[in-house]
Amino acid sequence: MIAAEDEMPVGKRRSSLIRSPQFSSLIILIVLLAVFAIADANFLSPLNISNMMAFLPELGIIALGMTLLLTAGEFDLSVGAVFGLAPVVVMLLVQNGGVDIGIALLAGLLLCVAIGAINGLIVTKIGISSFLVTLSMLLVVRGAALYITQGFPLKSWDQPGFFVTLLAGSFNVGSFRFYTSLWWFIGLSLLAIYVLRYAKLGNWISAIGSNRNAAVARGVPADAVKVWLFILTSVLAGLAGMISAFRISAASPVAGTGYELEVIAMVVVGGTALTGGRGTILGTIVGALMLRAIRNGIVLIGVPGLAYNIFVGLIILAMLILHALLQKNAARG
Amino acid sequence: MEVLRLQNLQKSFGSVRALKNASFALNEGEVVALLGDNGAGKSTLIKAISGVFPIDRGDIYVRGEKVSIRSTRDAMDLGIETIHQDTSLAPDLSIARNLFLGREPVKLKWLGVFAPLDFAKLRDAASALLKRVGISKKLDADALVSTLSGGERQSIAISRAMQFAAKVIILDEPTNNLGVEETHGVLRFVKEVRDAGHSVLLITHNIHHVFQVADRIIVMRRGEIVAEQTVADTDLLTVESIITGADMSALLKETRAK
């Protein structure tokens, strides 16, 4: 997929773009947005859009790392737990340990590096599937967050400062209110697009997910690439957790529960293959927008709260079926 | 001119001696077929040459110079390219990206793995290569490998080995899972590769293919090289009997007599 777009003459590029999974996802996103907007006028109100844009980057940032990891043929179920643990550690260090916030943030991120490295090393060097390794890591990390907080949310954060503004500052554009996290998401997205599509590393990532043995036989350091991608995903999950915690000025040991599946849903709904080899960052951005819009829109149009996951699940299934059918068609053509 | 010489290669896996003293030489511009039953040590031998794992004992010489091969990258740098059965290409990547996998042309080299691919160079080199090996008409350098047939994939993999001016190209069961037509295509291609001056080490189960393309035959049994013959001096039955260790020609005479 990645190869298809940037290397083709314009005419061919257009037709392959229309058949690409991220394009069909985009169409469905537009349809969904239109349906929600018609069903409830408040959907496109500045307040609601600001709301969606506050949540979007937090899961979206994790989804970027997950896309690269899935493209290389692995995935990470521990991201939700890391999302919870990282800010808890940072805030505990500052509030109870009296540590400088800059150092605390650094320590939090280093912890994420360690978690990602352990995931990656066990998967690549011992050869256990990433499903099992990261599932165990989910329990370890979530358990650690619960234990060090004794299960209680931390007292609310009351120290504004440079780092807090950097992670969770907000600004107004007309009647819209945006957070700096949106800039993080945009910047990281551009970086991820560059890496996956245009950089040498992206070629390696896709090749590893597509046929690991072939990549290794060409001298591509597949294990090292995978370990770094595990680290990246973990760090992005921790960063997202910090952004979220500083935005709401509180860290809870149960924050991010279930996020791993939501993030994987965003990625695959966008058209990245769960089996590796085919990844699209643009698709992931569309997928992140779509899941956010669905969660928000379904509540607005009055689906009962308890029934709401039924609809989310059904829409995800429909998207996956669509991708599978498109894939089949492409193979036949 | 001798390109590759193996001297007394030994390799054990635990108590299993997969290679016990394998020695042979490969000359420039010749196709040598490596034959043997399952478990004879063929794949151990080629994996040792291509750097998949290190040997326990023995020497490898490339163009008369003693070398040590510790990784697949070492082997590639020495001009030894190995094409494994079915596993040499990434199906989700384009032909061009596959041709240069691991050796991508980039701009801003100092960016390391983050350096941007040089797409113009990539496309031009890929098209030129496909044209040179005579498969330009049908194949577009931007097509995904998953859209190609098995024979086309083998040809792409072999072309890739040729492009880096490999001295030695090792083909591991290149005609496995191919149709009759495609098999002939690949074998024809092997001859062209030899005529272009590359040396080919061909591993196969199919003795008929050997007689179509090989100049020399090496037979392995239980980790040892048991026979080395030029194709012109031997025939199918003799080779078959060496592989299995049974005297097939005698057996055949017997049945004919009856």
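# Two predicted chains, questioned

Guide: Chain B holds 9 helices and 10 strands, and the model in which they appear is a predicted one.

Visitor: What makes chain B as compact as a globular protein of that length?

Guide: The radius of gyration of chain B is 20 Å, and the globule rule gives 18 Å for 258 residues; the two values are close, so chain B is as compact as a globular protein of that length. Its C-alpha atoms fill a box of roughly 70 × 40 × 35 Å, taken along the principal axes.

Visitor: What does the globule rule say about chain A, and with which value does it agree?

Guide: For 333 residues a compact globule would have a radius of gyration near 20 Å, and chain A has 20 Å, which agrees. The C-alpha trace of chain A spans about 60 × 55 × 35 Å along its principal axes, and the secondary structure of this chain comes to 15 helices and 2 strands.

Visitor: Why is B:Leu237 called partly exposed?

Guide: Its relative accessible area is 28%, and since buried means under 20% and exposed means over 50%, with partly exposed in between, the value of 28% places B:Leu237 in the partly exposed class. This residue lies in helix H8 of chain B, which covers residues 236-244, and its C-alpha is 58 Å from that of B:Leu108, a residue 129 positions away in sequence.

Visitor: What makes helix H13 of chain A mostly covered?

Guide: The helix runs over residues 259-269, and 9 of its 11 residues are buried, where buried means a relative accessible area under 20%. Among the buried residues are A:Glu260 and A:Glu262, together with A:Val263, A:Ile264 and A:Met266. Just after H13(A), A:Gly271 takes a positive phi of about 115°.

Visitor: How much of each chain counts as buried?

Guide: In chain B, buried residues make up 50% of the 258 residues, while in chain A 56% of the 333 residues count as buried. As for what is left open, chain B exposes about 11800 Å², of which carbon and sulfur atoms supply 49%, and chain A exposes about 14100 Å², of which carbon and sulfur atoms supply 73%.

Visitor: How do you know that strands E1 and E2 of chain B are paired?

Guide: Pairing requires at least two bridges between the strands, and 9 bridges join E1 (residues 2-13) to E2 (residues 16-27) in chain B, so the requirement is met, with the strands running antiparallel. One of the bridge partners is B:Phe24 in E2(B), which belongs to B:Leu6. The hairpin of these strands has 2 residues between them, and in it B:Gly14 takes a positive phi near 60°.

Visitor: And what makes E1 and E2 of chain A a pair?

Guide: Here 4 bridges join E1 (residues 170-173) to E2 (residues 176-179), which again satisfies the rule of at least two, and these strands run antiparallel. A:Phe171 stands opposite A:Phe178 in E2(A), and A:Gly174, in a hairpin with 2 residues between the strands, takes a positive phi near 60°.

Visitor: How far apart are the mean positions of the positive and negative charges in each chain?

Guide: In chain B, the mean positions of the 33 positive and 32 negative charges are 3 Å apart, whereas in chain A those of the 19 positive and 12 negative charges are 9 Å apart.

Key. Residues numbered from 1 in each chain as written. Chains lettered and ligands numbered in written order. Predicted model: local features only at pLDDT ≥ 70, side-chain atom pairs only at ≥ 80, totals over all residues. Heavy atoms only, no water. Rg over C-alpha atoms; globule rule 2.2 N^0.38 Å. Buried < 20%, exposed > 50% of the residue type's maximum accessible area, 1.4 Å probe, protein only. Areas by Shrake-Rupley, 256 points an atom, 1.4 Å probe, with all protein chains shown as cover. Lys, Arg positive; Asp, Glu negative; His and termini not counted. Charge placed at Lys NZ, Arg CZ, Asp CG, Glu CD.
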